[in-house]
Amino acid sequence: MQKLFAQLEQTIQSGRPAVLVTVVASSGSTPRGAGARMLVTKAGRVCGTIGGGAVEHAAEQEAQKVLQTGQSRLGYYQLRQNQVQDLGMICGGDVHVFFRYVPGGDAATLALASAVAEAFQKGETAWLITDITPEGQGGMALYAGGTLTGTPVPPAVLHALGPGAAQAEAGGGRYYCEVLVQAGQVYIFGGGHVSQALVPALSAVGFRCIVLEDRPEFCRAELFPGVIATHLIDNARIADFVHIAESDYVVIMTRGHKDDEAVQAQVLRTPARYIGVIGSRRKTAGVFANLRAQGFCDADLARITTPIGLDIGAETPEEIAVSITAQLIQHRAQHRASG
């Protein structure tokens, strides 16, 4: 999403109009769920996707019409084989798609794009709110840090903001609200080969990664495409270098068992949302015995996920990175659903 808004900003700055296409509701076996977006210009789709295939193609064609009229609109695709054979879909389901026209040079959109970039940089929770009232113009606003940037929205909409995506009605208008930025960082202790594969994988799906390492040669930012920051630390004193909050994730994969254990003991004293440790079950048993000797109870140790990652038979650093990324996506989705 960060890339899409950066592309939107670049397009509008150049004086070219664009259409921001958003799935605002879906049901059944649709290609993508609510919140999927793509950016369309006269050259076609330039960034993002709403699932590909015939539905996306139809939406691109509709976006070209919106570019001609300059009018935002709400579209509806009914993906049932016996009703819309021309869409070429095998699965069924309904999709509501909002086409938001953005004129070239639009100052309000440029301000919004700037606020979006700042929200991603800060890593604070931010909601994107789009006016999807059928007769409306598709105004957008960003709500972050108690500040609303963009089109004014009724206070009742702000009060209804939650952990996922939803529609809200207030003041005669209809709004689509979604979490654009989820607060929380992923602190990765250790900068070895798995970390080097993990950071770009996590960054690609919206996680903000910070690598902490006690070896200078493994603490270079260029080793971790997409990393927010790297810090050279002392594994015995992590609180001197980082503050781990309740919205943060921790991944521990240092140079060896002793460092892993030292980091775990300190991280267990933080409110971290997720603690994952790489390693075998045999190694875990020994580390847990030592942690119990330090006064940690079973409830404390239950906070630790180890071996880290979903069990997909991963062996290489790249495969392990995929398994960890999948587990963090799963954990994030569960948190949003329960929040």
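Visitor: In this structure, is Thr-325 buried or exposed?
Guide: The model is a predicted one. In it, the relative accessible area of Thr-325 is 7%. A residue counts as buried under 20%, so with 7% Thr-325 is buried.

Visitor: Which residues is Thr-325 in contact with, leaving aside its neighbours within four places in sequence?
Guide: Thr-325 belongs to helix H9, residues 317–338. Once the neighbours within four places in sequence are left aside, the residues in contact with Thr-325 are Leu-198, Ala-201, Leu-202 and Val-205.

Visitor: How many Å apart in space are Thr-325 and Arg-255?
Guide: In sequence, 70 residues separate Thr-325 and Arg-255. In space, taken from C-alpha to C-alpha, the two are apart by 21 Å.

Visitor: How many helices and strands are there in the protein chain?
Guide: The protein chain has 339 residues, of which 48% count as buried. Along its principal axes, its C-alpha trace spans about 70 × 45 × 40 Å. Among its contacts with a separation of 6 or more, 58% come from residues 24 or more positions apart. The elements of this chain are 9 helices and 16 strands.

Visitor: Where do the buried residues of helix H1 fall, seen down its axis?
Guide: Helix H1, residues 2–13, reaches 17 Å between its first and last C-alpha, close to the 16 Å expected. Its buried residues are Leu-4, Phe-5, Leu-8, Thr-11 and Ile-12. Because these fall within an arc of 120 degrees, they line one face of the helix.

Visitor: Which residues are exposed on the other side of H1?
Guide: The buried residues of H1 include Leu-4 and Ile-12. After the helix comes Gly-15, which has a positive phi near 90 degrees. On the other side of H1, the exposed residues are Lys-3 and Gln-13.

Visitor: How many Å apart are the end C-alpha atoms of helix H3?
Guide: Helix H3 runs over residues 107–122, which makes 16 residues. At 1.5 Å a residue it should span 22 Å. The distance between its end C-alpha atoms agrees with this, at 23 Å.

Visitor: Which exposed residues does the face of H3 turned away from its buried side carry?
Guide: In H3 the buried residues are Thr-109, Leu-112, Ala-113, Ala-115, Val-116, Ala-119 and Phe-120. They fall within an arc of 160 degrees, so they line one face of the helix. The face turned away from that buried side carries Ala-107 and Gln-121.

Visitor: Which helices give two or more residues to the largest nonpolar core?
Guide: This core has 23 residues, and Phe-189, Ile-244, Val-267, Leu-291 and Ile-304 touch the most other members. Strands E11, E12, E14 and E15 each give two or more residues to it. The helices that do so are H6 and H7.

Visitor: Which residues does the second, separate core include?
Guide: Leu-291, from the largest core, is in contact with residues including Glu-261, Phe-296 and Ile-304. The second core is separate and has 22 residues. Its members include Val-186, Val-194, Leu-202 and Val-251.

Visitor: Which element gives the most to the lining of the largest cavity?
Guide: The count comes to 3 cavities of 30 Å³ or more. The largest holds about 50 Å³ of space. Its lining includes Gln-264, Val-277, Lys-283, Phe-288 and Thr-306. With 4 residues, the element that gives the most to this lining is H7.

How values were computed:
Residues are numbered from 1 along each chain as its sequence is written. This is a predicted model: local features need pLDDT of at least 70, side-chain atom pairs count only at pLDDT 80 or more; totals for chains, interfaces and linings use all residues. Side-chain values use heavy atoms; hydrogens and water are left out. The expected span of a helix is 1.5 Å times one less than its number of residues. Buried means under 20% relative accessible area, exposed over 50%, partly exposed in between (1.4 Å probe, protein chains only). The arc is that of the directions from the helix axis to the C-beta atoms. A nonpolar core is a set of buried Ala, Val, Leu, Ile, Met, Phe, Trp, Tyr and Cys residues joined through side-chain atoms within 4.5 Å. Contact means heavy atoms within 4.5 Å. On a 1 Å grid over the protein atoms alone, a cavity is a set of points where a 1.4 Å probe fits but cannot get out, and a pocket is an open set with protein on both sides within 12 Å along at least five of seven lines; lining residues have an atom within 4 Å of a point. Grid points are joined across faces, edges and corners, and a volume is the space filled by probe spheres set on the points.
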